[in-house]
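Work through the exercises below with the model open beside you. Try each task before reading its solution.

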Amino acid sequence: MAVTPEPRQWWRSAVIYQIYPRSFADADGDGVGDLPGITSRLGHLAELGVDAVWLSPFYVSPQADAGYDVADYRDVDPVFGELSDADALLARAHELGIRVIVDLVPNHTSDEHPWFRAALAAGPGSPERARYIFRDGRGPDGALPPNDWRSVFGGDAWTRVIETDGRPGQWYLHLFDTKQPDLDWTCGDVWAEMEDVLRFWLDRGVDGFRVDVAHGLVKAPGLPDWDHDQEMIEGANADGERPPMWDQDGVHDVYRSWRKVLDGYDGDRMLVAEAWVAPADRLARYVRPDEMHQAFNFDFLVAPWRAADLRRVVAESLAEMGSVGAPTTWVLSNHDVVRHASRLGLPVGTPRPHGIAAQDPQPDAELGLRRARAATLLMLALPGSAYLYQGEELGLPDHTTMPHDVRQDPAFHRTGGEEIGRDGCRVPLPWQHDAPAYGFSPTGRSWLPQPPEFAGYALDRQRGVPGSTYEMYRAALRLRRELGLGSGDLTWTEAGPDVVAFANAPALVVTNLGEEPVSLPAGAEVLLVSGDLVAGPDGRPAVPTDVTAWVRA
Ligand code: GLC
């Protein structure tokens, strides 16, 4: 009898490394990273032991939001190279056994996209305008925005256009920057175009897509006012109302249709949702069997460094994703948040910072790194798929004292500096401690300044150095694979209120967030630690505060 092989579903347990192309490696020396730079450094990622990379956008773009404002979805921006460089990157990654996920930005285009230009030229009521969300203004002469929505980056979510007759006319919606007009997902053209974009990249061999702002595509009919703060993470308000711009039921029709597109291809391609929704059962709706394969687990990322919070988030995440048969994902850092080595160096309970500037209380770098290493070993022992952000394998902190005049994040500029923004986590990587731009670019140019302490984090200072953060990550990824932790099962172990402890056979994992050392079971074989063990009161090796240990009990 023929046996149908199980689909491989590599993504269920994969470690996926996020490359931020602007800041990874710059081959041509203009100070901005590029695709040839990435390809030349893929050996590093093979040596680190990741299963896949996710590339933030490298498409044609005026770079008003670092490439999340796309003017041509089917070509590479000259700053990053050309289409043949994308093909070469894919080929080299696949040769090394690394899968490649690309970013898809379907909520908005750039205002320099040919569609938006055509919409401006064609005028009110035209089919060209129907692809975006144009509305007449309120008030006399339509001088007021159509509703009260705010941009995630600050200011109004609407901009008024000058019509071809030279007069102020309609308004268009942009949940982000003025240069990122929202598409109208009730328009058939938009559906057809994005499916075609999916096919374009699937045909070139990509293994999947990270879907930007996946919870934002569909807006509530009539675009009702929303008299509340408008952060990216929102659940229902106290009255049980849901924000009209996020997490509308209609988005799921989009993902059901995309899933069919992907299922038409071989090679187990996948979709991962960037959906800042709460609570976890709302997130689980994005990964139902006929929708996406994964969703980022931002509850884990924002959890305070407290054992009870971490246990709760881990348990809830596993239960909610498990209820729809999806794997859980884990993530601690990305290009939108303060890196965990800096975040965890702030006092416990500090609300998630939107950037850190020189005038702000500075993180304790040593404590932050100690906790970040412990958090990472906790994360990498959990069943499911884990996302790493470039540079975290070096223990890299944010640049927390960057001068304001070099900042590029539209969130900084649109809020008049009230929100510091995300530049601090986007600083180009240090590869070599004594080279120009720490080895990022051959000319020493760098689109954001690298702080002098980056020399100490450079890869060449850590490679082959026992106990370095880089060697810890490498050992963790090797062991995780050998022990099958990503596809394992978690069983909680009781070890006290300030401890996160669980078995993921055959490993016992202990993260100590309390003051007192936690003794390991007698005779336990230590597999990996994020910091030195101490002698416990009973003389046995013990896990001190802010350390994670993996042992075989
Ligand atoms: C997502 C991206 C972020 C971008 C925003 C608008 O949240 O991760 O970097 O600014 O979408 O596209």
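**Exercise 1. Polar contacts of the ligand**

Task: Find how far an oxygen atom of the ligand is from an N or O atom in the side chain of H108.

Solution: The structure is a predicted model. In it, an N or O atom of the H108 side chain is 2.9 Å from an oxygen atom of the ligand. The cut-off for a polar contact is 3.5 Å, so a pair of N or O atoms within that distance counts. Next take E274, where a polar side-chain atom lies 2.7 Å from a ligand oxygen. For H335, the distance from a polar side-chain atom to an oxygen atom of the ligand is 2.9 Å.

**Exercise 2. The surroundings of the ligand**

Task: State how much of the ligand's accessible area the protein covers, and how the residues of the shell divide.

Solution: On its own the ligand has 310 Å² of accessible area, and the protein covers 98% of this. Around the ligand there are 15 residues, of which D65, D212, E274, H335 and D336 come nearest. Sorted by character, the shell has seven charged, five nonpolar and three polar residues.

**Exercise 3. An aromatic pair between two loops**

Task: Classify the pair F153 and F176 as stacked, tilted or edge-to-face, and decide whether each residue is buried or exposed.

Solution: A pair of aromatic rings is described by the distance of the centres and the angle of the planes. The structure holds 23 aromatic pairs. For F153 and F176 the centres are 5.3 Å apart and the planes are at 65°, so the pair is edge-to-face; the cut-off is over 60 degrees. The pair links distant parts of the chain, 23 residues apart. F153 is in the loop between β6 and β7, and F176 is in the loop between β8 and α6. Buried means under 20% relative accessible area. F153 has 4%, so F153 is buried. F176 has 5%, so F176 is buried.

**Exercise 4. A pair between a helix and a strand**

Task: Describe the geometry of F300 and W330 and say which elements hold them.

Solution: The ring centres of F300 and W330 are 5.1 Å apart with 75° between the planes, an edge-to-face pair. F300 lies in helix α9 and W330 in strand β12, so the pair ties together parts 30 residues apart in sequence. F300, at 3% relative accessibility, counts as buried. W330 is buried at 0%.

**Exercise 5. Charges over rings**

Task: Which rings do R41 and R129 lie over?

Solution: The charged end of R41 sits over the ring of W431, 4.0 Å from the ring centre. R129 lies over the face of F134, and here the distance to the ring centre is 4.5 Å.

Terms used: Residues are numbered from 1 along each chain as its sequence is written. This is a predicted model: local features need pLDDT of at least 70, side-chain atom pairs count only at pLDDT 80 or more; totals for chains, interfaces and linings use all residues. Side-chain values use heavy atoms; hydrogens and water are left out. Rings of Phe, Tyr and Trp (its six-membered ring) pair if their centres lie within 6.5 Å; planes under 30 degrees apart count as stacked, over 60 as edge-to-face and the rest as tilted. Helices (H or I, at least four residues) and strands (E, at least two) are DSSP runs, numbered from the N terminus. Buried means under 20% relative accessible area, exposed over 50%, partly exposed in between (1.4 Å probe, protein chains only). A charge sits over a ring if NZ of Lys or CZ of Arg is within 6 Å of the ring centre and within 35 degrees of the ring normal. A residue is near a molecule or strand if one of its heavy atoms lies within 4 Å of it. A polar contact is a pair of N or O atoms within 3.5 Å; within protein, one must be able to donate a hydrogen and the other to accept it, and residues adjacent in sequence count only if both atoms are side-chain atoms. Accessible areas come from the Shrake-Rupley method with a 1.4 Å probe; for residues, only the protein chains shown count as cover. Ala, Val, Leu, Ile, Met, Phe, Trp, Tyr, Cys and Pro count as nonpolar, Asp, Glu, Lys and Arg as charged, and the others, Gly among them, as polar.
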